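Biologist: I am new to this structure. Please show it to me before I ask about it.

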Amino acid sequence: MVDAHLPRFSQAVVAAALALAFLFDVAAAVPVTAAVLLLSVAGGRRLNAFAYLYRALPIPRGELEPAAPPRFAQALGALFLGVASAGLWLAERDTIAWWALGWGPALLVAMLAALAATTSF
């Protein structure tokens with residue numbers, strides 16, 4: 001079980017981080033975000049950097065909800081960001097492959113994370 005506000009907070013942070021990384025062309029933020037999500041999936045609350053940040057902020061706590069759906073979303077996000085990381089580092093910069101395989105999956109994760117954070121979908 002997990003606090004219902006934690007997944008929304010995590011999704012908002014992921015969406016904002018990836019959007020800012022795209023706007024300021026900071027490709028290194030993509031594998032870092034993928035690693036944070038992967039650690040969250042593998043280690044639960046113990047290795048979830050977003051959970052530590054969430055608990056440190058004065059955010060009202062929510063109801064408890066099952067942890068499986070947010071963990072599945074984090075696993076998919078980590079997978080897509082892993083593909084994006086490979087695309088950004090292996091493809092030649094500013095080519096169609098770099099945009100499609102690099103920033104494409106990263107922006108998809110950002111869009112879906114923003115949707116989930118704002119609509120609780």
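Modeller: Questions about a helix, a surface patch and the cores follow. The model is predicted: local features need pLDDT of at least 70, side-chain atom pairs count only at pLDDT 80 or more, and totals for chains, interfaces and linings use all residues. Residues are numbered from 1 along each chain as its sequence is written, and side-chain values use heavy atoms, with hydrogens and water left out.

Biologist: How far does helix α4 reach from its first C-alpha to its last?
Modeller: Helices are DSSP runs of H or I with at least four residues. α4 covers residues 68-90, which is 23 residues. The expected span is 1.5 Å times one less than the number of residues. That gives an expected 33 Å, and the reach is close to it, at 33 Å.

Biologist: Is F121 buried or exposed?
Modeller: Buried means under 20% relative accessible area, exposed over 50%, and partly exposed in between (1.4 Å probe, protein chains only). F121 lies in the segment after α5. Because its relative accessibility is 78%, F121 counts as exposed.

Biologist: Which element supplies the largest share of the largest nonpolar core?
Modeller: Such a core is a set of buried Ala, Val, Leu, Ile, Met, Phe, Trp, Tyr and Cys residues joined through side-chain atoms within 4.5 Å. This one has 21 residues, and V14, L18, V30, L81 and W103 touch the most other members. α1, α2, α4 and α5 each supply at least two residues. The largest share, 6 residues, comes from α5.
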